[in-house]
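Here's a quick walk through a structure, written for someone who would rather look at residues than read theory. Keep the viewer open and follow along.

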Amino acid sequence: MAIVDVKVPQLSESVAEATLLQWKKQPGEAVALDEILIEIETDKVVLEVPAPAAGVLAAHVVASGGTVASEQVIAQIDTEGKAGAVAAAAPAAAAPAAAAAAPAADKSGVAMPAAAKMMADNHLPAGSVPGTGKDGRITKGDVIGALEKPAAPAAVAAPVAVAAAPAVAKPLPAVAAPVAPNLGDRPEQRVPMSRLRARVAERLLQSQATNAILTTFNEVNMAPLMEMRKKFQEKFEKEHGVKLGFMSFFVKAAVAALKKYPVLNASVDGNDIVYHGYFDIGIAVGSPRGLVVPIIRNADQMSFAEIEKTIAGFGQKAKDGKLSIEELTGGTFSISNGGTFGSMLSTPIINPPQSAILGVHATKDRAVVENGQIVIRPINYLAMSYDHRIIDGREAVLGLVTMKEALEDPARLLFDI
């Protein structure tokens with residue numbers, strides 16, 4: 001028997017621990033080299049753990065929902081074992097976690113931890129709830145929907161082996177707190193925050209508690225920008241293979257303002273002000289796991305096409321949960337586009353340790369006065385929140401005015417004026 005340890009990947013210095021999600025393989029099942037065994041959630045990203053060798057999964061050293069650290073052993077693979085039976089003599093360190101293997105579980109629907117707990121609390125047998133999640137997994141919504149339907153005849157559940165537990169019919173270890181059953185027209189459910197959501201909450205509270213946040217506003221006539229975009233959209237997409245959006249213009253306008261007023265690109269470190277000689281722009285992106293802010297590195301050196309491709313790539317990676325820790329680390333200034341969801345106005349919260357953030361909103365036709373005449377123009381309200389400890393109102397207001405002027409006359413961005 002040859003045992004190979006499955007370890008947690010090396011986490012970044014800023015990530016102390018992570019949470020195991022749902023094991024994709026049970027003890028006794030065959031695994032192939034580089035087959036994904038489990039996903040690990042940190043407060044920034046979800047990492048996939050591949051099998052370091054082919055063989056049979058001998059044991060779960062850490063059960064689903066467990067807290068782990070970098071390089072910690074979480075499972076063991078017997079490279080000489082046969083599927084259907086766990087190696088009898090695993091090392092002593094793994095003995096508490098290695099239980100007798102059961103027949104392979106039905107892959108038609110694996111319940112997520114919270115869903116498994118709900119099913120157990122409501123006595124729903126395995127296979128009675130169809131899964132609509134990724135790879136057919138059963139989610140909490142699936143279980144809630146099943147509870148609201150008329151009860152069907154119960155099926156007999158096959159025994160399931162759980163790491164560190166007797167081989168009896170028992171749901172997988174649950175991460176979520178107990179969820180109340182359907183209470184008629186007043187249902188409730190209690191679900192713990194994911195690591196990402198908890199980290200976002202922590203950073204927002206940190207920002208509110210440590211920064212002297214003030215927000216300044218201005219309005220932008222988007223007509224010239226919209227006209228330029230319409231004129232070159234088709235040629236741009238044909239040439240570069242990506243659509244010409246507005247975000248590249250907002251990024252370029254922000255960089256122009258940061259160059260003119262460097263304190264907007266600075267951060268506070270104790271009693272020091274750190275002025276950054278580079279422009280790493282964070283773009284707030286909504287993902288199924290929550291808000292993430294991937295970073296466009298050296299945005300001042302990038303073309304419009306490069307910025308658009310980078311943003312599009314971030315959006316797809318966020319949707320797929322494939323953003324890396326490196327892509328989410330750092331940043332000197334951020335842009336949050338609530339306009340994609342229809343927001344008219346907001347006061348964005350600074351992303352620590354940065355000192356300013358730009359909020360972009362929905363462009364709407366509004367009545368404005370030009371040369372003494374009331375006219376209709378597509379207007380976007382910009383909001384910039386800043387740390388008043390190091391940024392005075394003058395720099396903040398003039399910085400936002402610089403962005404406004406660049407967007408209302410986008411040709412200025414091409415000549416860096």
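## Starting at I213

I213 is partly exposed, with a relative accessible area of 27%. You'll find this isoleucine in strand β9, which covers residues 213–221. Keep in mind that the model is a predicted one.

What does I213 touch, once residues up to four places away in sequence are set aside? The list is S207, Q208, I349, I350, S385 and Y386. T347 is another residue to click on: I213 and T347 are 134 residues apart in sequence, yet their C-alpha atoms are 9.6 Å apart in space.

## The chain as a whole

Zooming out, the chain has 8 helices and 19 strands. Of its 417 residues, 42% are buried.

How much of the contact map joins residues at least 24 apart? Taking contacts between residues at least 6 apart in sequence, the share is 64%. The I213 and T347 pair, 134 residues apart in sequence, gives you a feel for that kind of separation.

## R377 on strand β19

Next stop is R377, which sits in strand β19 (residues 373–387). R377 is partly exposed, and its relative accessible area is 25%.

Skip the neighbours within four places in sequence, and R377 is in contact with N221, K364, D365, R366, V368 and E370. Also have a look at A223: R377 and A223 are 154 residues apart in sequence, but the C-alpha to C-alpha distance is 6.8 Å.

## Helix α5 against α7

Now for the helices. The axes of α5 (residues 247–260) and α7 (residues 393–408) come within 8 Å of each other and cross at roughly 140 degrees. Parallel, antiparallel, perpendicular or oblique? An angle over 145 degrees would count as roughly antiparallel, and the two helices are therefore oblique to each other. The crossing of α5 past α7 is right-handed.

On the α5 side, the contact is made by F249, F250, A253, A254, A256, A257 and K260. On the α7 side, the residues are G399, T402, M403, A406 and L407. Sorted by class, the contact of α5 with α7 has 9 nonpolar residues, 2 polar and 1 charged.

## Helix α5 against α6

α5 also meets α6, and here the axes come within 9 Å and cross at roughly 115 degrees. α5 passes α6 in a right-handed crossing. From α5, the contact uses M247, S248, F249, V251 and K252. From α6, the contact uses F304, I307, E308 and I311. By class, the contact of α5 with α6 divides into 6 nonpolar, 1 polar and 2 charged residues.

Which aromatic residues pair up? Searching the whole structure turns up 1 aromatic pair. The ring centres of F249 and F304 are 4.9 Å apart with their planes at 50 degrees, so the pair counts as tilted. The partners come from distant parts of the chain, with F249 in α5 and F304 in α6 (residues 304–320), 55 residues apart. F249 and F304 are both buried. F249 is worth a second look, since this phenylalanine is listed in the contact with α7 and in the contact with α6.

## Backbone oddities in the loops

Some backbone details to finish with. Most residues other than glycine have a negative phi, and most peptide bonds are trans. Where does D34 sit? It is in the loop between β3 (30–31) and β4 (36–41). Phi of D34 is positive, near 70 degrees, and this residue isn't a glycine. D34 is exposed, at 51% relative accessible area.

N298 isn't a glycine either, and its phi is positive at about 50 degrees. The loop between β15 (295–296) and α6 is where N298 is found. N298 is partly exposed, with a relative accessible area of 32%.

Finally, check the peptide bond joining P352 and P353: this one is cis, with omega at about 5 degrees. P353 is in the loop between β16 (333–337) and β17 (356–360).

Terms used:
Residues numbered from 1 in each chain as written. Predicted model: local features only at pLDDT ≥ 70, side-chain atom pairs only at ≥ 80, totals over all residues. Heavy atoms only, no water. Axes fitted to C-alpha atoms, helices over the stretch in contact; angles between N-to-C directions. Helix = DSSP H or I, 4+ residues; strand = E, 2+ residues; numbered from the N terminus. Parallel < 35°, antiparallel > 145°, perpendicular 65-115°, else oblique. Left-handed = near helix turned anticlockwise from the far one by under 90°. Contact = heavy atoms within 4.5 Å. Nonpolar A, V, L, I, M, F, W, Y, C, P; charged D, E, K, R; others polar. Phe/Tyr/Trp six-rings, centres within 6.5 Å; stacked < 30°, edge-to-face > 60°. Buried < 20%, exposed > 50% of the residue type's maximum accessible area, 1.4 Å probe, protein only.
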